[in-house]
Amino acid sequence: MRYDPRGLVPAVVQHALTGEVLMLGFMNAEAVAKTLETGLVHFFSRSRNELWQKGETSGNRLALRGMVADCDGDALLVLAVPQGPTCHTGEASCFHRPVYGQGWVPVPAFLGLLRMIRARQEQAPEGSYTARLLASPDEALKKLVEEAGEVVLAARGQGPERLVQELADLLYHLAVVLVAEGVPVEAVNRELEARGLGGRP
C-alpha cells in the first residue's frame, strides 16, 4: 500500500451483499493488519489519533468479507456485512444526504424481502400471512413445494408474465423458510461461492 505522509489510506466500505456504499474511513498499516487478523473492520481515528474498531461501543460492527486495493495502491475498498446501522445517526449508510440526483442505492428486492420477513417474525402482527407461515413451519414448507409446482406449470406454456409471477411467489416462500429455519443468506452465498458460483465468470 502507498500510505500518505500521515501513514493513512482512505478506505471505502461497501456492503458485501447489496453493493451499497456504507462509509468512508481511514486506515493505517496497523488498522489493516488488525482488520485482517480479527475479521472485524478497524480504522485509525484522525481526531483521537488512535486505532479503533467500528462498532466497539455501539455493537454495530462491520464483518469483513474482502479487501481490495485500487490501481495506484493508495486507497482501499473494504467489503463487509454490517451488524446494524453503519452511520452514527442510525442510518444504514453514512451516505444518506443527497446533493444531486437520487443519492441512494436501492437494496435488491430479495434482501429487502428478507428484512420484511424478519420484522414480521419479531412483531408477529395479527392477520399477517407471513407471520402465520413463520409460526407454522410445516405450512411454510408445504407452500414452498406447492409454489415450485406452480412454477413448473407456468414454464410449460402459460407465458413469461405468468412465469415471473410464480417465480416471485416461489422466492417469497423460499425466503420465509430461510427465516423460519434461521438460515442466514450469507451461508447460502458462501455455499454458492464454494461451488464456484459466486458471480465471477
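How many Å separate the centres of domain 1 and domain 2, taken over C-alpha atoms? Color the two parts and have a look: the answer is 33 Å. Keep in mind as you click around that this is a predicted model.

**Stop 1: the two domains.** Select residues 8-82 and give them one color; that is domain 1. Then select 109-195, which is domain 2.

**Stop 2: where they touch.** Now zoom in on the interface. On the domain 1 side, 4 residues are in contact with 5 residues of domain 2. Together the two domains bury about 360 Å² between them, and 62% of that is on carbon and sulfur atoms. Which residues of domain 1 lose the most area to domain 2? Show Leu17, Thr18 and Arg65 as sticks: those three account for 80% of what the domain 1 side buries. Sorted by class, the residues on this side that touch domain 2 come out as 2 nonpolar, 1 polar and 1 charged.

While you have the sticks up, how many salt bridges does the rule find across the interface of domain 1 and domain 2? The count is 0. Residue pairs in polar contact between the two domains, with both partners at pLDDT 80 or more, also number 0.

**Stop 3: an annotated stretch.** Next, select residues 23-96. An unreviewed UniProt entry places the feature "domain: Phosphoribosyl-AMP cyclohydrolase" here. Switch to cartoon and you'll see a stretch that is 14% helix and 38% strand. Put a distance label between the C-alpha atoms at its two ends, and you should get 10 Å.

**Stop 4: Ala75.** Stay in that stretch and pick Ala75. Where does Ala75 sit? Look in the loop between β5 (62-69) and β6 (76-82). Now add Met1 to your selection. Ala75 and Met1 are 74 residues apart in sequence, yet their C-alpha atoms are 8.0 Å apart in space. To finish, show what surrounds Ala75: beyond its neighbours within four places in sequence, Ala75 is in contact with Met1, Pro10, Val68, Ala69 and Asp70.

Definitions and conventions: Residues numbered from 1 in each chain as written. Predicted model: local features only at pLDDT ≥ 70, side-chain atom pairs only at ≥ 80, totals over all residues. Heavy atoms only, no water. Domains from an automatic or database assignment. Contact = heavy atoms within 4.5 Å. Buried area = accessible area lost by both parts, 1.4 Å probe. Salt bridge = Lys/Arg side-chain N within 4 Å of Asp/Glu carboxyl O. Polar contact = N/O pair within 3.5 Å; in protein donor to acceptor, adjacent residues only side chain to side chain. Nonpolar A, V, L, I, M, F, W, Y, C, P; charged D, E, K, R; others polar. UniProt positions renumbered as here; feature names shortened; annotations may be inferred. Helix = DSSP H or I, 4+ residues; strand = E, 2+ residues; numbered from the N terminus.
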